[in-house]
Amino acid sequence: MLEKILLEFNPETKNLFLVLKKVNAVFGYISEKDAQKIADYFELPLAKIYETASFYDLLKTKKPANLEIKVCSSGDCVLGESAKIIQEIENYFRIKVGDEFNPKISLEKISCLGRCAEGPIVIVNEKVYEKVTASSVHKILGEWR
Amino acid sequence: MQNNPKIITQYWGKIDPLKIEDYLGVGGYASLKKFIEKMNPPKALREIKSAKLCGRGGAGFLTGAKWESAMAQKSKEKYFVCNLDESEPGIYKDRMLAENNPHLLLEGIIISALTIGAKKAFIYLNGNYEKAKIILEQAIIQAQKNKFLGSSILKSKYKLKIEIFSGAGAYICGEETALINSIESNRGEPKIRPPYPTEKGLFGKPTVVNNAETIANIPWIIQNGGKKFAAIGLKNNPGTKLFILGGAVKNKGVFEASTEITIREAIETLGGGLQKGKTFWFAQVGGASGNLYLEKELDSLVSGAGAILVVDKTVNIYDLLLSWTSFFRRESCGKCVPCREGTFRLHEITERLADGEISDRDKEAMLDIFWTLENTTFCPLGKFAAVAMRDAVEKLEIFRKC
């Protein structure tokens, strides 16, 4: 499967980013094994693969949690109580925002997605919820429990 | 504020963004035809220069000067990049532009790229803008079918290919040298200037990077002439601008108005004033990196990329402070120490401030960090990180808790 993705691209360094994005989209993250195969294909050191991949929020080098919750914490969403929403989620699942230790659930603050007029925005495993409130978030979490 | 022509938003909501026929039906691509049949690159450059069009991404550099610098380069290969990374919190004008009238943007890109002599153009799209990506992809296919793109544009000698490059979530990639690094598959860290991208940019070739909103003005200027454009709005920054109203205003969203508009007028006329029962406290203008304006300062012009966030008195200010500092700590690329450490420590101190545990030493350190960020960081991100916090310290009584 990985080989199939690699063969879609010429092994020129300028294609590295595109390959990383595709691998991330298909597998959810870039595993160390896959990173090594990508490095071999491009004839680059493994460090170069991580150098690029580790920089970008949307490229993951660790296996993501089964339940990934993201809350926008910029401008409009903050004015619309996104801080309270984060607290509610923390209490609901007994997790802490930003912790990477729980392999099952993760809660992350994210930067603006440009949907400010529909905020606060909460994303659970890619599903986007708009105009969330501190009370309505419980129903959303219930869907995923 | 008088009635101004709508240059960018004129057909928003009136045409189907997925149908090129709709855009052609309202006179779309006529500017490209005019450029190819009646003009040439030097002539187009003259129009853009006489229009005095300034960049709409926030920095406000003269578009004509940028183009001229790239055109003066002898290299056979040149690139044009449309900057649609737009990751400043609270700003989504370029997304709306791409989603509502993608062909206006494409027409602008085509004219711009042909003028500077590029045969390949990129749209650097924010990695989160999935819908805009689908719409733009569709628009590019339609433009190719209609011979506005490809090997012989409208049967002329001009050729151009446009590629969408979807980013992967990094605020700093809106900075043009970081953006170029990103397309080259590197970390999206900024590069030292000079050499400027217009001399040595993407893959070492002369490259012009323009903001999407800037580009969307080009077809109008080509069609109506630079002088007519220069007559609209401010003398030193003419034209119209997209403004994004948010926070405690009645109408949130993106609006087009003359660059002459003041913050107060924008809040009243575009935003419809404050929501019922809310009392104005301050406005943040230009996203998370923007200055704060108190009621008595609202008669200033709208600076930066055009976002106005109205904050009312019910807001917990510490939530907002933490949102700024955590944003810059997260988005600092880590290349230079003052920014990497400065944004980190600023966030730590702000956390203590929010908990009511700030010491006098912290307050002093905070001022030191502001100075360091403003004066010693490698790229503007560090400077941005200090703007709103410094204003908060100077204008709002954020230390009152302690």
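Helices are DSSP runs of H or I with at least four residues, numbered from the N terminus. Helix H3 of chain A, named in this way, is a recurring stop on the tour of this predicted model.

**Stop 1: the whole of chain A.** Colour chain A by pLDDT. The mean is 95, and 100% of the residues reach 70 or more. Within chain A, confidence is highest in helix H3 (residues 32-42), at a mean of 98, and lowest in helix H5 (residues 75-79), at 91. Next, select residues 2-53 as domain 1 and residues 67-144 as domain 2, following the domain assignment of chain A. The centres of domain 1 and domain 2 of chain A, taken over C-alpha atoms, are separated by 31 Å.

**Stop 2: helix H3 of chain A.** Select A:Asp34, A:Ile38 and A:Phe42, the buried residues of H3(A). Viewed down the axis of H3(A), these buried residues fall within an arc of 70°, so they line one face of the helix. Their packing partners are helix H1 (2-7), H2 and H4 of chain A. Now rotate to the face of H3(A) turned away from the buried side, where the exposed residues A:Glu32, A:Lys33 and A:Gln36 are carried. Then move to A:Glu43, just after H3(A), which takes a positive phi of about 55°.

**Stop 3: the contact between chains A and B.** Display both chains and select the residues in contact: 26 from chain A and 35 from chain B. On the side of chain A that touches chain B, the elements giving two or more residues are helix H2 (16-27), helix H4 (46-53) and H5. H5(A) provides the largest share of that side, four residues. Colouring the side of chain A that touches chain B by residue class gives 13 nonpolar, seven polar and six charged residues. Two of the elements seen here have appeared already: H2 and H4 of chain A also pack against the buried residues of H3(A).

**Stop 4: B:Ala305.** Finally, centre the view on B:Ala305, in the loop between strand S8 (291-294) and strand S9 (307-312) of chain B. Is this residue buried or exposed? B:Ala305 counts as buried because it has 29 C-beta neighbours inside 10 Å, the cut-off for a buried residue being 20 or more. Leaving aside residues up to four places away in sequence, B:Ala305 touches B:Gly57, B:Gly58, B:Glu88, B:Ile91, B:Gly286 and B:Gly287. To end, draw a C-alpha to C-alpha distance from B:Ala305 to B:Leu160: these residues are 29 Å apart in space and 145 residues apart in sequence.

Technical notes:
Residues numbered from 1 in each chain as written. Chains lettered and ligands numbered in written order. Predicted model: local features only at pLDDT ≥ 70, side-chain atom pairs only at ≥ 80, totals over all residues. Domains from an automatic or database assignment. pLDDT = per-residue confidence, 0-100. Contact = placed C-beta atoms within 7 Å. Nonpolar A, V, L, I, M, F, W, Y, C, P; charged D, E, K, R; others polar. Buried ≥ 20, exposed ≤ 12 C-beta atoms within 10 Å, placed from the backbone. Arc of directions from axis to C-beta.
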